[in-house]
Amino acid sequence: MKIHEYQAKDILAKYGVAVPRGEVANSLDEAMEVARRLFTGGAKGVVVKAQIHAGGRGKGGGVKVAKNFDEAEQYARQILGMQLITHQTGPQGQKVQRLLIEETAAIDRELYLGIVLDRAAAKLVFMASQAGGMEIEEVAAKDPSAIYKAYIDPAVGFQPYQARELAFALGLRPTQINDAVKFMTGIYKAYIDTDASLLEINPFITTKDDKLFALDCKINFDDNAMFRHKDLKELRDVAEEDPLEVEASKYALNYIKLDGNIACMVNGAGLAMATMDIIQYAGGSPANFLDVGGGANQQQIEHAFEILLSDKNVQAVFINIFGGILRVDTLAQGVVGAALKTKVAVPVVLRLEGTNVEQGRQILKDSGLNFIVGDTMQDAAQKVVAAAKGGK
């Protein structure tokens, strides 16, 4: 689950991590009121920042620095409601529905801090870099040595000596080291307490008067832990998510939209990955990742089918089921019911194996619908690719 920058900064502030003065605004009037308060309170300038779930906002024109109230109003009018396109939104962009109005800071240096799980090491890793303000992926690709890492032992947690080592690696001044240790410790505590999966501060800045601030912040949470955090769950902004993914989550379906034209319905994440691979191998392109899970019922399968067909790019459907907990006859009944209900107009190719497979195949045969059944996974993949291309 992703949240907005202003929400992430609210969380950091509770852990003693310094963030610039600022407030969120949902309208032009609110934005002007926030800007007025900041200027009246002594701000020498304000930053008008689009709040969307994507990076690269500055390059896309979604972050502007205003030196006075009139400029703040001009930029707020310009950004609020715009369709902001960044390298993470795709060509369709994302509509800006709220702004963060923040006081400017006297920046001395722009650095990077982040925590993420290193699955290979089975540990959290605290990362730091002097290349702040840049996409960390670019830094890692061009110069991996520019990223300093501290691996965190889960038995003892993030230690002060590790924070000091990172602070020295960043080239912070001796007068900033103690504050940097508190800063990094606060970030780590926020990460752990909220069951985050990613926490990035980019840029992490130092000011000319030796202060440290989180100028930007991104936090993603582990969806599986949200039952422990009702307060965090309420921060979810479904307007920032793909509508089909939101719809799928209502029925406990794991759905991720992709760019291809062959819809995939499977049971099990491993089978989903293999299905997408074999579609690519056969010359096709998957339109989604959809895992109905091991215990799906007929209603869930019908909803899954409707979600697949709601994607206008879909030209064929590949249903690849290995029936264990999810019996094949249950799947077949759901597919037939969904096909009749949605009046499906695209080819549907199935590969079925497992519990009650013969009964499942008979249900499909007796339905009177023109389903295509593959003998093997490879055979079915070739058939669905041909069907999507209009072949036989």
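Helices and strands here are DSSP runs, numbered from the N terminus. With that naming, H229 sits in the loop that links β12 (218-221) to α7 (230-233). This is a predicted model, and in it H229 comes out as buried, because its relative accessible area is 10% and the cut-off for buried is under 20%. Setting aside neighbours within four places in sequence, the contacts of H229 are D193, T194 and D195.

One of those partners, D195, has a backbone quirk of its own. D195 is not a glycine, yet its phi is positive, at about 55°. The residue belongs to the loop between α6 and β10. D195 also counts as buried, since its relative accessibility is 19%. A122 makes a good counterpart: this residue, again not a glycine, has a positive phi of about 60°. Its place is the loop between β7 (107-118) and β8 (123-129). A122 counts as exposed because its relative accessibility is 58%. Another backbone feature turns up in strand β10 (residues 196-207), which holds P203. The peptide bond joining N202 and P203 is cis, with omega at about 5°.

Stepping back to the whole protein, there are 13 helices and 18 strands. The C-alpha trace spans about 75 × 50 × 40 Å along its principal axes. Of the 392 residues, 48% count as buried. Among contacts with a separation of 6 or more, 68% come from residues 24 or more positions apart. The UniProt record, an unreviewed entry, puts a "domain: ATP-grasp" feature at residues 9-230. That span is 29% helix and 30% strand, and its end C-alpha atoms lie 18 Å apart.

Towards the N terminus, four strands make up an open sheet, in the order β1-β6-β2-β3 and with antiparallel pairing. Its edges are β1 (22-25) and β3 (63-66), each of which pairs on one side only. On average, and ignoring direction, neighbouring strands of this sheet are turned by 20° against each other. Between β1 and β6 (residues 99-103), which run antiparallel, there are four bridges. G22 takes part in this pairing, with E102 as its bridge partner in β6.

Two helices go with this sheet. Helix α1 (residues 5-14) lies across β1, β2 (46-50) and β6, and runs at about 50° to β6. Helix α3 (residues 69-79) packs on the sheet as well, touching β2, β3 and β6, and its direction makes about 165° with that of β3. The loop between α2 (28-40) and β2 holds G42. Leaving out neighbours within four places in sequence, G42 is in contact with R21 and E103. G42 and E103 are 61 residues apart along the chain, but their C-alpha atoms are separated by 9.2 Å.

What about the nonpolar interior? In soluble globular proteins, nonpolar side chains tend to be buried together. Here the largest nonpolar core has 40 residues, and the members that touch the most others are L113, F126, M184 and I201. Helix α6 (residues 177-193) gives the most to this core, with nine residues. For I201, contacts beyond four places in sequence are made with L12, L111, Y112, L113, F183, I187, A214, D216 and C217. Another core lies apart from this one; it has 31 residues, including Y255, A263, I319 and L352.

Finally, there is helix α13 (residues 377-388). This helix has twelve residues and reaches 16 Å from its first C-alpha to its last, close to the 16 Å expected at 1.5 Å a residue. Its buried residues are M377, D379, A380, A381, V384, V385, A387 and A388. An α-helix has 3.6 residues a turn, so residues three or four places apart point the same way. The buried residues of α13 pack against β14 (262-266), α9 (269-281), β16 (316-323) and β17 (348-354). After α13 comes G390, whose phi is positive, near 85°.

Methods
Residues numbered from 1 in each chain as written. Predicted model: local features only at pLDDT ≥ 70, side-chain atom pairs only at ≥ 80, totals over all residues. Heavy atoms only, no water. UniProt positions renumbered as here; feature names shortened; annotations may be inferred. Pairing = 2+ DSSP bridges. Axes fitted to C-alpha atoms, helices over the stretch in contact; angles between N-to-C directions. Contact = heavy atoms within 4.5 Å. Core = buried A, V, L, I, M, F, W, Y, C linked by side-chain atoms within 4.5 Å. Buried < 20%, exposed > 50% of the residue type's maximum accessible area, 1.4 Å probe, protein only. Expected span 1.5 Å × (residues − 1).
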